[in-house]
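Here's a quick briefing on how the inside of this protein is packed and where empty space is left. Have a look at the model first.

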Amino acid sequence: MENLGRDEPLTPAGRLFVSPIMNQIINCVIAGENPIDIEAVRAEINNSIMVKHPRFCSLLVKDSYGREHWRRTVVDVDRHLIIRHDALSDDPLVSDEVAVNEYLADLSVSSPLGTDKPLWEIHLLMACNSAVFRVHHALGDGISLMSLLLTCCRRADDPSTRPTIGGIGAGSSPMLKRRWDFWTLLKAAWYTLVYVLEFIMRGLWLKDRSTALSGGAGVELWPRKLVTAKFQLDDLKTVKRAVADATINDVLFGMVSCGFSRYLDIRSTKAVQEGVRFTGVAMVNLRPQPGLQDISKLMSSDLGTRWGNKFGMLLLPVHYHRGGSNPLEFVKRAKAMIDKKKLSLEAPCSYKIGDLVMSFFGAKVASILNYRIVCNTTFTISNVIGPQEEITIVGIPVKYIRVNSTSLPHAITLHMMSYAGRADMQILVAKDIIPDPGVLAKCFEDALLEMKAAAEVPSRS
């Protein structure tokens, strides 16, 4: 391919994501109501912002010192389109949704992106009316990439209008909205110190206790299963209103803690100790405004919302509690934990620590430390706010949008995304450790329904 200018070095986060042990690809599936028009898809891509974006028009190359760079090139869209006309499953009883999840599970461990073209692909699964967007994490974080993808979409009720996405508009950090006094400053400093020390220890030796949910080094290479847990946003909001000052993320973590506890009650061959901790790893958006972003601002290098990987890492502990407890207590405990995290500077400090390690010791050491943090914790979790109303892409109504990533040493990764009043959680598991992810998904769904029932009790009396 033709070289169109000077090479540009990767950012520290980009170098981390292309390292062999942390090589990460984001998979986003969009399922349509109608058959896919291949020519319409090709025309949409050719006319989109995506093929004009420098990252999507660049090859990943290495210089004589082994340092990675972006090298601009001409994009041949046909090389990025992978078209499958055949059925994904030979079993007529397997639904399209299940077949697509099986396809994504296979992609999560067995299909890296080639470096002979820019690091993205679109798989058109014609038999399932679905498209899978595969983008290397080095090109940007999930917020950037989803914001870019949605520029190709339109509202179903008004085809001339782009989707309304959560987060567009003015925003500020929760820390900036807080009223600060001496005691609050003291707590913020203490929490930051404690959480940063734990972050460092997780990269060195501190490890979660082994349970039926635990992964470990090398588990990223094990075969995967992928299932979907489905929720109604109204149910999440009902629970949120029942706990004072709670947020959707508080409800999500309460639901995860409750669901894990219920699953361990079913799966564990011996009694699990009350209160045992399993730690989640979450990537936190560090941009000035939350949620999906205005793509024009992301493309501007003069603004704080610029394109790229702009996130910090949070360690989020949840605990096992035996069945029979009030499900709303899980939300209250999750809120108390998350409130402390919000008060601290753990996320920006983790970002800065990673940047310093990368600068002084190089990508190899930084990737090893990140890998050890993942090995020493139990699960990964993310939550992205998607379009608020139903949308279309190339004129086709969209049934659902779901996101997952390639496998990690965790035996469980959880990726939730909302769309038009619903929220779907993609649960990717190492099937030799968690052979029945459908049971885990049901535990999460039942946990939310139990919380909703408990939340509605006062209103009935």
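**Packing and gaps**

Leu414 is in contact (heavy atoms within 4.5 Å) with Val256, Phe260, Phe379, Thr380, Ile381, Ser382, Met425, Gln426, Ile427 and Phe444, leaving aside residues up to four places away in sequence. Keep in mind that this is a predicted model, where local features need pLDDT of at least 70, side-chain atom pairs count only at pLDDT 80 or more, and totals for chains, interfaces and linings use all residues. Residues are numbered from 1 along each chain as its sequence is written, and side-chain values use heavy atoms, with hydrogens and water left out.

**Nonpolar cores** (buried Ala, Val, Leu, Ile, Met, Phe, Trp, Tyr and Cys joined through side-chain atoms within 4.5 Å; buried is under 20% relative accessible area, 1.4 Å probe, protein chains only)

- The largest core has 54 residues, and Phe260, Ile412, Leu414, Met425 and Ile427 touch the most other members.
- Helix 9 (residues 248–267; helices are DSSP H or I runs of at least four residues, strands E runs of at least two, numbered from the N terminus) gives this core its largest share, nine residues.
- A second, separate core holds 49 residues, among them Met50, Val51, Cys57 and Leu81.

**Cavities** (sets of points on a 1 Å grid over the protein atoms alone where a 1.4 Å probe fits but cannot get out; lining residues have an atom within 4 Å of a point)

- There are two cavities of 30 Å³ or more (volume being the space filled by probe spheres set on the points).
- The largest holds about 220 Å³ of space.
- Its lining counts 21 residues, with Val41, Ala131, Phe133, Ile393 and Val394 nearest the centre.

Conventions: 1 Å grid on protein atoms, 1.4 Å probe; cavity = no way out; pocket = protein on both sides within 12 Å on 5 of 7 lines; lining within 4 Å. Buried < 20%, exposed > 50% of the residue type's maximum accessible area, 1.4 Å probe, protein only.
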